[in-house]
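Dear colleague,

Please find below the structure that I am passing on to you. My notes on it follow directly after.

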Amino acid sequence: NGVNLGVAQSRGLNIVALRPDGIPGDFQVFDTHGMANASDDLVSYVAKLDDGIVVLVAVLDEASAQLTQPAKDAIATLGATEIDNLVYQGSYALIGVKGGTKLAEQIFPASETDVADITAQQPYGVLNAASVFDDSTRTTTTTTTPAPPICQMAICPKGSTLDTGLLSTVSAKVTVCCKSASSADLSDIGVHSAAYSDGNKAIFFADGHTIATAEARGMTVVTLRADGTRLTSQAYDTMGDGSAALAADLNAMDNGTVVLIGAMDEASLNLTDSARDAIKGLGASLVDSVGYRSSYALVGVKGGTAMGEMVKAEGEGYAVAIGQMTIVASTQAATPVCEAHVAEPPVAGYLSNGNLVLDANCHYSIWEKPAATACLKNSWIAIMGSSNTLLEFQNLIQLLAPDEYNVDRPGELVGASAAVDVVIKDNQVVHWETVS
């Protein structure tokens, strides 16, 4: 599927067995040139493969010297018909099916130019992981790797929605994968969930942006504000002891709350009935099907109907759930101006479409240079702090005296310890004194 497996191949017959979803599940090398027992090991290995498994076989260096007839017969069970013709230092490649018919096979005698190079096509599910092979032990571990992008994974911008008729289309372009929504204010919201064997991540998105990613094992729960920004994000280790807290927090939510849930790593072993019931309270209907290392995604509404839900068993790829919500733009400009002349002016809040929305339900006016200069005229401003305060000091100087942008002054370096006295008149620095 366009991904180089990067396996540590060596002399003999190199074999990759694919899982039913097309993800590489095992890699082995049998040195049938130099090791007397390699052919017996190969026979035993092939016998244990399930019927229907796709197997990739390739010779590196030399593989014929101690390749026995039983070993050739074992390869024939993968659909091979040319293996009996393999000669010393011959090239050989096979895409076979255990107990079935080969998809492709090629063989050449010893040559410096002839390369056995074959391809085949096979329908699989979403490919989103590959195996990394440990050369010292010949065992496998699973890790994420870039998969060919398909429309199912697209995050559509505001005013558009994922075209469900193109979910399996190979493309990363929103112009291909998305179509116009019924309203310019509508936005896709959703979850991409991949458990341990399928990518080991969970991504949450709204209003055309990723708003959260899972950072811990289990079920991660994200709630949304009306403007599509993240209100809360919390991971619950439902493989461990997180089910009680998950159930309590979901049950305490107000009706109508939009809730996104995604599983990462493993989320089922201690996912209790009470936790599953709490998830059902968001409109979920598939959560009882979540098993060991299942991928699970939900776009739910507390006390309402789920907008999207999907569960995938281990090895089946990403679970993707998508819904839509009307994005209500922040009305912060209609709030009163914050009282800034206090010891602790309001600063707690969040960003919404580039605007600071304060928890105190007030806003600060934006001051351009002329207004800031007029406001601060005949004032002394005292600034004290460390590196971030020094940046604020420099920004203020450059706002009031723009020519200072390219001027190096003593006391401006981060890490310096100094007291700086500055006087600005008519947008020019007329006095600068530093005491280190």
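Strand β10 (residues 186-194) and strand β11 (residues 201-206) run antiparallel and are joined by six bridges. Strands here are DSSP runs of E with at least two residues, helices are runs of H or I with at least four, and both are numbered from the N terminus. Two strands are taken as paired if DSSP finds at least two bridges between them. Within this pair, Gly-190 has Phe-205 in β11 as its bridge partner.

Please note that this is a predicted model, in which local features need pLDDT of at least 70 and side-chain atom pairs count only at pLDDT 80 or more, while totals for chains, interfaces and linings use all residues. Residues are numbered from 1 along each chain as its sequence is written, and side-chain values use heavy atoms, with hydrogens and water left out.

The two strands belong to an open sheet of four strands, ordered β12-β11-β10-β18, with antiparallel pairing. Its edges are β12 (209-213) and β18 (319-326); each has a single partner strand, so one side of each has no neighbour in the sheet. Direction ignored, neighbouring strands of this sheet are turned by 20° against each other on average. Such angles are taken between axes fitted to C-alpha atoms, for helices over the stretch in contact, and run from 0 to 180 degrees between N-to-C directions.

A second open sheet has five strands in the order β2-β1-β3-β4-β5, and its pairing is antiparallel. Here β2 (24-30) and β5 (104-108) are the edge strands, each with a single partner, so one side of each is left without a neighbour in the sheet. The twist from one strand to the next averages 15°. Strand β4 (residues 91-97) pairs with β5 in the antiparallel sense over five bridges, and the bridge partner of Ile-95 in β5 is Ala-104. Helix α1 (residues 38-48) lies across β1 (12-18) and β2, and runs at about 160° to β2.

Helix α1 and β2 also meet through their side chains. Which aromatic pairs does the structure contain? A search of the whole structure finds two. Rings of Phe, Tyr and Trp (its six-membered ring) count as a pair if their centres lie within 6.5 Å; planes under 30 degrees apart are called stacked, those over 60 edge-to-face and the rest tilted. In one pair, the ring centres of Phe-30 and Tyr-45 are 5.6 Å apart and the planes are at 50°, so this pair is tilted. Phe-30 lies in strand β2 and Tyr-45 in helix α1, so the pair ties together parts that are 15 residues apart in sequence. Both Phe-30 and Tyr-45 are buried, a term that means under 20% relative accessible area (over 50% is exposed, in between is partly exposed; 1.4 Å probe, protein chains only).

The other pair, Phe-393 with Trp-432, is edge-to-face, at 6.0 Å centre to centre and 65° between the planes. It links distant parts of the chain, since Phe-393 is in helix α7 (residues 387-400) and Trp-432 in strand β22 (residues 428-435), 39 residues apart. Phe-393 counts as buried at 13% relative accessibility, and Trp-432 is buried with a relative accessible area of 15%. Helix α7 also holds Leu-390, which counts as buried at 14% relative accessibility. Between Leu-390 and Gly-411 the C-alpha to C-alpha distance is 9.2 Å, with their positions 21 residues apart in sequence.

Strand β16 (residues 295-301) is mostly covered, with seven of its seven residues buried. Ser-295, Ala-297, Val-299 and Val-301 are buried on one side, and Tyr-296, Leu-298 and Gly-300 on the other. Strand β15 (residues 258-264) runs antiparallel to β16 and is joined to it by five bridges; there, Leu-260 stands opposite Val-299. Five bridges also join β16 to strand β17 (residues 308-312), again antiparallel, and Val-299 stands opposite Gly-308 in β17. The hairpin of β16 and β17 has six residues between the strands, and Gly-303 in this hairpin takes a positive phi near 75°.

As for the whole, the protein has seven helices and 22 strands, and buried residues make up 41% of its 436 residues.

With kind regards

How values were computed:
Contact means heavy atoms within 4.5 Å.
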